[in-house]
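Me: Let's take this protein apart one question at a time. Keep the sequence and the 3D view open as we go.

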Amino acid sequence: MGSKGDNVAVCNMKLERLLSMKGGKGQDSYANNSQAQAMHARSMLHLLEETLDNVHLNSSVSPPPFTAVDLGCSSGANTVHIIDFIVKHISKRFDSAGIDPPEFTAFFSDLPSNDFNTLFQLLPPLVSNSCMEECLAADGNRSYFVAGVPGSFYRRLFPAKTIDFFHSAFSLHWLSQVPESVTDRRSAAYNRGRVFIHGAGESTTTAYKRQFQADLAEFLRARAAEVKRGGAMFLVCLGRTSVDPTDQGGAGLLFGTHFQDAWDDLVREGLVAAEKRDGFNIPVYAPSLQDFKEVVEANGSFAIEKLVVYKGGSPLVVSEPDDASEVGRAFASSCRSVAGVLVEAHIGEELSNELFSRVERRATSHAKDVLVNLQFFHIVASLSFT
């Protein structure tokens, strides 16, 4: 982690005050561009169940609420579906053990800039004055109490030993900051001519790897203080199958091809200075299994129950794959839904619109390659705290 007060190149603001998936319910919003994440999450539910089965159940007469947290919840319906799944699975475990289920509390956590309003509008109503069994049996209702928790998951967010289960999906690949050396023209790690590390030099990718591992170490330290004995975590982030960190896999194709070329278009056309482009870098690192494992083992607080690379598939959802224009729009919308806020902060709304229109045109002209080659792999970690 950088020291307190470190700034990123994006408008000289701390990244955590700025970064968010695109809010609202518009065409480029995360809520309308997270169907692929939903499909990937559904394909991993059996792994989530295995992790939930490792959580200790409190059998005391008046147990405290079972508390689950989704870290990096964003603003779409996926987080609501996951929390609902967690609550129902744990309730079934209590029933199978012949124990009356406790009340449930769910915390939705993300950075302060997250669109919590859109998220809370998606929550089903809480049925009051009903027993837990009736709540769980009622379709379209919620059987748990909720709260939003703004803040970076690279720091403490909850009181000590209060959380039974942590879930985080598609978030831990986001760094706490762009490594300062990457945008420092005096540094060997300066990422000249690029806006992402895919295909970058060794010094640049080393800086990104160190930032990722430092961030993950902070994440684990914070969670180790907050989780109860017998608790667990289920973590999913973008990963890669190559041992070479300059090959960022699906993330590299998303941010290192047509997105990169669109920035170069703006520079060639004189709309953006080369130095301005070089001052922008996507703060994402797709780790290898070894990158991830080294940090967990060095932390020592969590036992690794499962650590695998899981093929998620394409991040694009298109109804007409033979329609190149639809593929291009889907690519640009997917890219904008996760990086658009950062781009606008760096070059303004007007130039951001120019950039993403070029992303769309380029992806349209390479639609077949996009559909075939844009495939995501995920690191899936099941960790227990004993």
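**Strands, cores and rings**

Me: In which sense do strand β1 (residues 66-71) and β4 pair?
Reply: Strands are DSSP runs of E with at least two residues, helices are runs of H or I with at least four, and both are numbered from the N terminus. Two strands pair if DSSP finds at least two bridges between them. β1 and β4 share 3 bridges. The sense of this pairing is parallel.

Me: What kind of model is this?
Reply: Residues are numbered from 1 along each chain as its sequence is written, and side-chain values use heavy atoms, with hydrogens and water left out. Local features need pLDDT of at least 70, side-chain atom pairs count only at pLDDT 80 or more, and totals for chains, interfaces and linings use all residues; the model is predicted.

Me: How many helices and strands does the protein have?
Reply: Start with the overall numbers. Of the 386 residues, 54% are buried, where buried means under 20% relative accessible area, exposed means over 50%, and partly exposed lies in between (1.4 Å probe, protein chains only). The tally of elements is 13 helices and 7 strands.

Me: Which residue of β4 is the bridge partner of Val 69?
Reply: The residue sought lies in β4. That strand spans residues 163-169, and 7 of its 7 residues are buried, so it is largely enclosed by the rest of the structure. The bridge partner of Val 69 is Phe 166.

Me: Which residue of β5 stands opposite Ser 168?
Reply: Ser 168 belongs to β4. β4 pairs with strand β5 (residues 227-239) over 6 bridges, in the parallel sense. Opposite Ser 168, in β5, is Leu 235.

Me: Through which helix does the chain cross from β4 to β5?
Reply: The path is a β-α-β crossover, and its hand is right-handed. That hand means a clockwise path from the first strand over the helix to the second, with the strands pointing away from the viewer. The helix, residues 202-226, is α6.

Me: Is Ser 168 buried or exposed?
Reply: Look at its surroundings. Beyond residues up to four places away in sequence, Ser 168 touches Asp 70, Leu 71, Phe 153, Phe 234, Leu 235 and Val 236, where contact means heavy atoms within 4.5 Å. Its relative accessibility is 0%, so Ser 168 counts as buried.

Me: Which helix gives the largest share of the largest nonpolar core?
Reply: A nonpolar core is a set of buried Ala, Val, Leu, Ile, Met, Phe, Trp, Tyr and Cys residues joined through side-chain atoms within 4.5 Å. The largest one has 74 residues, and those with the most contacts inside it include Phe 219, Phe 255 and Trp 263. Residues 324-347 form the helix with the largest share, 10 residues, and that helix is α11.

Me: How many residues make up the second, separate core?
Reply: Its members include Leu 123, Tyr 144, Ala 169 and Phe 234. The size of this second core is 32 residues.

Me: What is the angle between the planes of Trp 263 and Phe 280?
Reply: Rings of Phe, Tyr and Trp (its six-membered ring) pair if their centres lie within 6.5 Å; planes under 30 degrees apart are stacked, over 60 edge-to-face, and the rest tilted. The whole structure holds 15 such pairs. Trp 263 and Phe 280 are stacked, 4.9 Å centre to centre, with a plane angle of 25°.

Me: How far apart in sequence are the parts tied together by Trp 263 and Phe 280?
Reply: Trp 263 is buried at 0% relative accessibility, and Phe 280 is also at 0%. Trp 263 lies in helix α8 (residues 258-268), while Phe 280 lies in the loop between α9 (274-278) and α10 (289-299), so the parts tied together are apart by 17 residues.

Me: How are the rings of Phe 302 and Phe 385 arranged?
Reply: Phe 302 is buried at 8% relative accessible area, and Phe 385 at 6%. Their centres are 5.5 Å apart and their planes meet at 50°, so the pair is tilted.

Me: Which ring does the charged end of Arg 223 sit over?
Reply: A charge sits over a ring if NZ of Lys or CZ of Arg is within 6 Å of the ring centre and within 35 degrees of the ring normal. For Arg 223 the distance to the centre is 5.4 Å, and the ring belongs to Phe 166.
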